[in-house]
Amino acid sequence: MTDFVLGAKAKSAGYRLRAYDTVGSTTTEAIAAGAAGDPGGIWFVATDQTAGRGRRGRVWQHTPGNLAATLLIVPDADPAVVATLGFVAGVAIGTALHSILPAGTVKVGLDAADGLDGTSRVALKWPNDVLADGAKLVGIGLEATRRDDGRHAVAIGIGVNIVAAPADLAYPATSLAQLGANRSAADLFEVLSDAWVDAFGLWNDGRGIGAVLQRWRASAAGIGAPVAVNQNGEILRGIFETIDDAGRLIIRTDDDHRVAITAGDVHFGATASARS
């Protein structure tokens, strides 16, 4: 049996939980529930996921003991702002990790946390990753389906390396165990479920996206640093200037133009030239 429980704040807010020892994909389960008319506000979590998927349809490599969590939400929001729920998730998991990770010397990896104050081990990487000590710890993905009632059911998937990180990726990755945090997937999930309540309340069906983005920027990796964005093989390089109020990455190019990016694979610092 699983050890997952909701935090006290999440329970009080009416969230529900469906936990598995093993599941094909928590996101698949969430999407199916949304299509069947579930009102949302339900977490699907597992420590073993056999058919997970990451952002843009990529395979998500999962090690048993890591956290696979997907939250189904049916928001009263314009579809144009639904995509900003990824920033809400980033703020929530960042908050949860701050309370879980032990204090330690901040290290800057290849995909550096440039632009932070040098005291935080956690950084949010546009659009939907979370770094710890400069290496990828968390991946976030959103999928949405339009229901018969015209509303959109949104599955927000959050994968966290708890006991191990993939070793054969094109970028550095880490796990809570490697970072010195002897905590389980269930430990982190309980804290995350409460942190989500606060971040989602701030979002306020999209009306508070400005406040969410302000918090996101405060923990953003790479602001002020060199950046390279790969868009279907086309590489755009420049300086990562900011995230605008629509959640787009703003790059100032070498010829002093400001370009707004809505999607792409992003690398910062040394990685901007070394791996793209």
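These are my notebook entries on the salt bridges of this predicted model.

Entry 1, the count. I went through the model for salt bridges, and the total came to twelve.

Entry 2, Arg16 and Asp38. I looked up this pair and found that the two side chains form a salt bridge, with 2.7 Å from N to O. Arg16 belongs to strand β1 (residues 16–23), whereas Asp38 sits in the loop between α2 (26–35) and β2 (42–49), so the contact ties together parts that lie 22 residues apart in sequence. I then checked accessibility: Asp38 is buried, at 13% relative accessibility, while Arg16 is partly exposed, with a relative accessible area of 31%.

Entry 3, Lys136 and Asp129. Here I noted a salt bridge between the side chains at 3.4 Å, N to O. Because the cut-off for buried is under 20% relative accessible area, I enter Lys136 as buried at 13%, and I enter Asp129 as buried at 14%.

Entry 4, Asp244 and Arg248. I found the side chains of these two residues joined in a salt bridge, the N to O distance being 2.7 Å. On looking up their accessibility, I recorded Asp244 as buried at 16% and Arg248 as partly exposed at 34%.

Entry 5, a network. Which residues are linked in a network of salt bridges? I traced the links through Glu241, Arg252, Asp256 and Arg258, and wrote these four down together as one network.

Technical notes. Residues numbered from 1 in each chain as written. Predicted model: local features only at pLDDT ≥ 70, side-chain atom pairs only at ≥ 80, totals over all residues. Heavy atoms only, no water. Helix = DSSP H or I, 4+ residues; strand = E, 2+ residues; numbered from the N terminus. Buried < 20%, exposed > 50% of the residue type's maximum accessible area, 1.4 Å probe, protein only.
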